[in-house]
Amino acid sequence: MHHAIDARAKPGTARWYVIQCKGGESFRAAEHLVNQAYEVFHPVLEVQRRRRGRLLWVEEPLFPHYLFIRLDRLASDWRPIRSTRGVLRLVSFGGEPLAVDDGLIEALRQGATHQAAEANHYFRAGEPVTITEGPFQALTAVFERHKGEERAIVLLDLLHRRQRLEMPVARLQPQR
């Protein structure tokens, strides 16, 4: 059985640790740590947000105030971490830095790759899609074409006829 957190990291082996970032500064902290040659994992999600009336894809942290850093208890220089811009502290338990199981990091990496592939899905004509919200939620339609960046035309069988509807692309998801 894998344990997600292990405070008893062996000296001389690189492990993943958790860094708590200052509010809204995890991207800054990740950038500054990478610039100092640390190995960092900062999982992000691509989500659609409305900005000035337009739907845009933006990256948001999976864990808004945290990121992961790979360090060796003997070989890594831990001193600059605390004074790095955006970093609040290295998360510790009982005075010891908290090590995270490699399996958890790998699972998060695989999940982030899968999510990014879905978030960037560009629909093709004839592809079946599920409508995720609105009056036709949960119904299956056939994607016809994109109409600009944010809108789509889909074909939906209603009242024994195929109807052409226009809706936001954000309300569509590919069928698995």
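In this predicted model, the charged end of Arg109 sits over the ring of Phe41, at 4.8 Å from the ring centre. Phe41 also belongs to an aromatic cluster, together with Phe63 and Phe68. The rings of Phe41 and Phe68 have centres 6.1 Å apart and planes at 25°; the pair is stacked, because planes under 30 degrees apart fall in that class. Phe41 is part of strand 3, which covers residues 39-41, and Phe68 is part of strand 6, so the stacked pair ties together parts that are 27 residues apart in sequence. Both of these phenylalanines are buried.

The remaining member of the cluster, Phe63, is placed in the loop between strand 5 (54-61) and strand 6. Phe63 has a relative accessible area of 32% and is therefore partly exposed, the range for this class lying between 20% and 50%. Phe63 is also one of the residues of a nonpolar surface patch, which it forms with Leu62 and Tyr66. Together the residues of this patch have about 230 Å² of accessible area. Phe63 thus appears both in the aromatic cluster and in the surface patch.

The count of aromatic pairs in the model is three. One of them joins Tyr17 and Trp78, whose ring centres are 5.1 Å apart and whose planes stand at 65°, so this pair is edge-to-face. Tyr17 and Trp78 are 61 residues apart and link distant parts of the chain: Tyr17 is in strand 2 (residues 14-21), while Trp78 is in the loop between strand 6 and helix 2. Tyr17 is buried, because its relative accessible area of 0% is under the 20% limit.

The charged side chains come next. The model has nine salt bridges. One of them joins Asp102 to Arg70, with 3.4 Å between the closest N and O atoms. This pair also links distant parts of the chain, since Asp102 is in helix 3 (residues 102-119), Arg70 is in strand 6 (residues 66-72), and the two are 32 residues apart. Asp102 has a relative accessibility of 37% and counts as partly exposed. Arg70 counts as partly exposed too, at 24% relative accessibility. Asp102 and Arg70 are linked with Glu39 in a network of salt bridges. Strand 6 therefore contains Arg70 of this network as well as Phe68 of the stacked pair.

Another salt bridge is formed by the side chains of Glu96 and Arg73, with an N to O distance of 3.1 Å. Glu96 is in strand 9 (residues 96-97) and Arg73 is in the loop between strand 6 and helix 2 (79-82), so the bridge ties together parts that are 23 residues apart in sequence. The relative accessibility of Glu96 is 34%, which puts this residue in the partly exposed class. Arg73, with a relative accessible area of 28%, is also partly exposed. The loop that holds Arg73 is also the place of Trp78.

A further bridge joins Arg171 and Glu133, where the closest N and O atoms are 3.9 Å apart; the pair qualifies because the limit is 4 Å. Arg171 is in the loop between strand 14 (161-168) and strand 15 (172-174), and Glu133 is in the loop between strand 11 (128-131) and strand 12 (140-147). The two residues are 38 apart and link distant parts of the chain. Both ends are partly exposed, Arg171 at 27% relative accessibility and Glu133 at 42%.

The loop between strand 11 and strand 12 also holds Ala138. Although Ala138 is not a glycine, its phi is positive, about 75°. At 60% relative accessibility, Ala138 counts as exposed. Ala37 likewise has a positive phi of about 75° without being a glycine. Ala37 is found in the loop between helix 1 (26-35) and strand 3. With a relative accessible area of 69%, Ala37 is exposed.

Some totals complete the picture. The protein has three helices and 15 strands. Of its 176 residues, 35% are buried. Among contacts between residues at least 6 apart in sequence, 59% join residues at least 24 apart. The protein exposes about 11,200 Å², of which carbon and sulfur atoms supply 52%.

Methods
Residues numbered from 1 in each chain as written. Predicted model: local features only at pLDDT ≥ 70, side-chain atom pairs only at ≥ 80, totals over all residues. Heavy atoms only, no water. Helix = DSSP H or I, 4+ residues; strand = E, 2+ residues; numbered from the N terminus. Buried < 20%, exposed > 50% of the residue type's maximum accessible area, 1.4 Å probe, protein only. Patch = residues over 30% accessible without salt bridge, like charges linked within 9 Å, V, L, I, M, F, W, Y side chains within 5 Å. Areas by Shrake-Rupley, 256 points an atom, 1.4 Å probe, with all protein chains shown as cover. Phe/Tyr/Trp six-rings, centres within 6.5 Å; stacked < 30°, edge-to-face > 60°. Lys NZ or Arg CZ within 6 Å of the ring centre and 35° of its normal. Contact = heavy atoms within 4.5 Å.
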